Amino acid sequence: MHLSPAEIASRFGVSVKALRLYESRGLLKPLRTRTGWRTYGPDQVAQLHQILALKRLGLPLSRIATILAGGGAIEPVLELQERLLAREGDRLARALALVRMARAKLAAGQALSIDDLATLTQETVMASNPDPQEINALCEPYTAKHFTPDERARLAQYADADAVAEWEAVIAEAKTVMAAGDPASPAALGVARRWYEVVGRLTGGDAALRSKGRTAWLEALADPKVAAAMPLTPELMDFMARAKAHLPG
């Protein structure tokens, strides 16, 4: 079965413009009819699924291109999707159970306790994307503790928009490879290499700043209120450190 761009767009919930973008970036290679019209068969549909799945996991198109260029088999992507969806399903099931319990309490004429509301907030609200200004405010005591005013000014200069966007992208990608569980895998090694390249960029290549930054992050993450809003976790940082240990040199 072969589908036209319009049919693909309708069935997969993407725009024809997006299909052209993926094609121009070398991610998707449609077939051509004898008259030159684009058409998509099973192989192209499998490619599109991988692109959309990897985008949903937070990977930028440049990284998706690298992954697909390395072979692009659909099975590893499906396995990764299964693990992440199962984990998200467990979280949603817990959140749904808490909401139902809260409603049952109210229906029975009971008030929700502070503990009830705190748990509801942590499980059903704090999972949303954190606000960057909120993160900065939460981290302020830890950055003030470990960095001098001059060092903080230098860090602000290093953290330009491109570097911050790259850092957010590499965190998202690190989460996907950590879900696979192998810090020695080629995917994990590739992410670890980029992870420490971006860390170096954000610290101006200064080893002392990098060390202080790691200490400040770990202390901040030890605070449950801060950790709930953070894109990083100690487990993710540890996984990247273990992956780095497998890098040559």
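In the predicted model, Met230 touches Ile135, Cys139, Trp217, Ala220 and Leu221, leaving aside residues up to four places away in sequence. Met230 also ranks among the residues with the most contacts inside the largest nonpolar core. The others in that group are Trp167, Trp195, Leu232 and Met240. This core has 32 residues. Five helices each supply at least two of its residues: α7 (132-146), α9 (161-180), α10 (186-202), α11 (207-221) and α13 (234-244). The largest share comes from α10, with eight residues. A second core is separate and has 15 residues. Among them are Val14, Ala18, Leu19 and Tyr40.

Two of the helices that supply the largest core, α10 and α13, also pack against each other. Two packed helices are described by the angle between their axes and the distance between the axes. For α10 and α13, the angle is about 105° and the axes lie 9 Å apart. The two helices are therefore roughly perpendicular, since angles of 65 to 115 degrees fall in that class. On the α10 side, the contacts are made by Ala188, Leu189, Val191, Ala192, Trp195 and Tyr196. On the α13 side, they involve Leu236, Met237, Phe239, Met240, Ala241, Ala243 and Lys244. Trp195 and Met240 thus appear in this helix pair and also among the residues with the most contacts inside the largest core.

Thr39 was examined next. Thr39 is found in strand β2, which covers residues 38-39. Its relative accessibility is 12%, so Thr39 counts as buried; the cut-off for buried is under 20%. The side chain of Thr39 reaches the backbone oxygen of Leu3 at 3.4 Å. Leu3 is also one of the residues that Thr39 touches, again leaving aside those up to four places away in sequence. The list further includes His2, Pro30, Leu31, Arg32 and Thr33.

At the level of the whole protein, there are 13 helices and two strands. The protein has 249 residues, and 32% of them count as buried. Contacts between residues at least 6 apart in sequence were also surveyed; 63% of these join residues at least 24 apart. The accessible surface comes to about 14,900 Å². Carbon and sulfur atoms account for 57% of that surface.

Note on methods: Residues are numbered from 1 along each chain as its sequence is written. This is a predicted model: local features need pLDDT of at least 70, side-chain atom pairs count only at pLDDT 80 or more; totals for chains, interfaces and linings use all residues. Side-chain values use heavy atoms; hydrogens and water are left out. A nonpolar core is a set of buried Ala, Val, Leu, Ile, Met, Phe, Trp, Tyr and Cys residues joined through side-chain atoms within 4.5 Å. Buried means under 20% relative accessible area, exposed over 50%, partly exposed in between (1.4 Å probe, protein chains only). Helices (H or I, at least four residues) and strands (E, at least two) are DSSP runs, numbered from the N terminus. Contact means heavy atoms within 4.5 Å. A polar contact is a pair of N or O atoms within 3.5 Å; within protein, one must be able to donate a hydrogen and the other to accept it, and residues adjacent in sequence count only if both atoms are side-chain atoms. Accessible areas come from the Shrake-Rupley method with a 1.4 Å probe; for residues, only the protein chains shown count as cover. Axes are lines fitted to C-alpha atoms, for helices over the stretch in contact, and angles run from 0 to 180 degrees between N-to-C directions. Angles under 35 degrees count as roughly parallel, over 145 as roughly antiparallel, 65 to 115 as roughly perpendicular and the rest as oblique.
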